[in-house]
Amino acid sequence: MALGEDDILSVPFKYFVFCIGGLPSSALLICVLLSLFLHFDQATSTHCEVANWLPSISAAVSTYTPEKYIWRILIGLHIGPRLVVAVAFRNFLMSSPLRPYIGSKQFKFLCNIACGLNLLENFFLLALTSISSSEDHSLHAKCFGGFAISSIIYMILSTWLFSESGRRRATNLGERSYEYKILGASIFVVCFFLGGYLYWRHNTYCEPGIYTLFALVEYSAVLSNIFFHCTLYYDFHGKNIALTSSFGSSHYNLLPTQIEKDT
């Protein structure tokens, strides 16, 4: 798309979605496969030495070389687009012409809360990437808890705000995005509680194969989280994120808040 008169940079939104979806998915797949082929015995070992055939995410992405470096690089690259998207989605909701005018201040406040939770989710993800369970198990576990809780609250709140803003009923794509958001959030919540149960059962009873099921649930939770965030493809379908200059002055607005229709 050609740049507008005041545009410094204009990027199709779909490329941001490719980054926030493709980079972490690729990182997870590559790290799990490398762990299975290069470090199978170590990555699948358990404290009670029962049969296990898949590494947990922590074992696959943060313990062995080169997996931990691949994970850190790809997740680090995807954080930038995630931060841009967090701000853009907040503005997308707040600028909806169909948003409620009764209680508009509360609606905008909740949009800011949702944006903050999204940023907090990214902070915990970055901390999980930087601090492995082998380096500091307690801190790693706390970061995981923070990531999961902020993710769940953000998914529920942002889905509700998406519906309340009127964006859901504005187009067929809006309705599809809403349904996919519900699906992604539901799978993530189920995986969170099911994973907790399987982890408890493994540590309590040390049954063969239970940790493998736990690993599968972990993978599903991560992929459902990615799927949820990729619903932004429908929200910003055919649009661009533009970096624009402020009219009439030399000051530049560096927040990527201008959403353009792709023509």
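Me: Helices (H or I, at least four residues) and strands (E, at least two) are DSSP runs, numbered from the N terminus. How many of each does the protein have?
Reply: First, a word on the model: it is predicted, with local features needing pLDDT of at least 70, side-chain atom pairs counting only at pLDDT 80 or more, and totals for chains, interfaces and linings using all residues. Residues are numbered from 1 along each chain as its sequence is written, and side-chain values use heavy atoms, with hydrogens and water left out. If you walk along from the N terminus, the elements run β-α-α-α-α-α-α-α-α-α-α-β-β. That comes to 10 helices and 3 strands.

Me: How far apart are the end C-alpha atoms of residues 212–234?
Reply: Let's start with another stretch, residues 182–200, which is 100% helix and 0% strand, with its end C-alpha atoms 27 Å apart. Residues 212–234 are 96% helix and 0% strand. Their end C-alpha atoms have a separation of 34 Å.

Me: What share of the residues in the protein is buried?
Reply: Buried means under 20% relative accessible area, exposed over 50%, and partly exposed in between (1.4 Å probe, protein chains only). Counting over the 263 residues in the protein, the buried share is 45%.

Me: What share of the contacts with a separation of 6 or more comes from residues 24 or more positions apart?
Reply: A contact here is a pair with heavy atoms within 4.5 Å. Leave out the pairs with a separation below 6, and see what the residues 24 or more positions apart contribute. Their share is 71%.

Me: Which residues touch the most other members of the largest nonpolar core?
Reply: A nonpolar core is a set of buried Ala, Val, Leu, Ile, Met, Phe, Trp, Tyr and Cys residues joined through side-chain atoms within 4.5 Å. The largest one has 33 residues, and those touching the most other members are Phe-13, Phe-89, Leu-93, Leu-161, Leu-232 and Phe-236. At least two core residues come from each of H1 (13–38), H4 (67–94), H5 (104–130), H6 (137–164), H8 (172–205) and H9 (210–230). So you don't lose the names asked for, here they are again: Phe-13, Phe-89, Leu-93, Leu-161, Leu-232 and Phe-236.

Me: What does Leu-161 touch, and how many residues are in another core lying apart from the largest one?
Reply: Leaving out residues up to four places away in sequence, Leu-161 touches Leu-93, Phe-107, Leu-110, Cys-111 and Ala-114. Apart from the largest core lies another, with Val-32, Leu-54, Ile-79 and Leu-128 among its members, and its size is 21 residues.

Me: Is Ser-35 buried or exposed?
Reply: Ser-35 sits in helix H1, and beyond four places away in sequence it touches Phe-40, Ala-43, Pro-55, Ala-59, Ala-60 and Glu-67. Take Ala-59: it is 24 residues from Ser-35 in sequence, and 8.1 Å away in space, C-alpha to C-alpha. The relative accessibility of Ser-35 is 0%, so it counts as buried.

Me: Which helix supplies the largest share of the lining of the largest pocket?
Reply: On a 1 Å grid over the protein atoms alone, a pocket is an open set of points where a 1.4 Å probe fits, with protein on both sides within 12 Å along at least five of seven lines; lining residues have an atom within 4 Å of a point. The largest pocket holds about 1200 Å³, a volume being the space filled by probe spheres set on points joined across faces, edges and corners. Of its 48 lining residues, the closest to its centre are Ser-58, His-140, Phe-144, Phe-214 and Glu-218. H1, H2 (40–43), H3 (57–62), H4, H5, H6, H8 and H9 each supply at least two lining residues, and the largest share, 9 residues, is from H9.

Me: Which residues are closest to the centre of the second largest pocket?
Reply: About 190 Å³ of space lies in that pocket. Of the 12 residues lining it, the closest to its centre are Phe-92, Thr-171, Tyr-234, Asp-235 and Lys-239.

Me: Which peptide bond is cis, with omega near 10°?
Reply: Look in the loop between H3 and H4, where Pro-66 lies. The cis bond is the one from Thr-65 to Pro-66.

Me: Is Glu-49 buried or exposed?
Reply: Glu-49 is in the loop between H2 and H3, and its phi is near 60°, a positive value in a residue other than glycine. Its relative accessibility is 74%, so Glu-49 counts as exposed.

Me: What is the relative accessible area of Cys-206?
Reply: You'll find Cys-206 in the loop between H8 and H9. It too is a residue other than glycine with a positive phi, near 50°. Cys-206 is partly exposed, because its relative accessible area is 23%.
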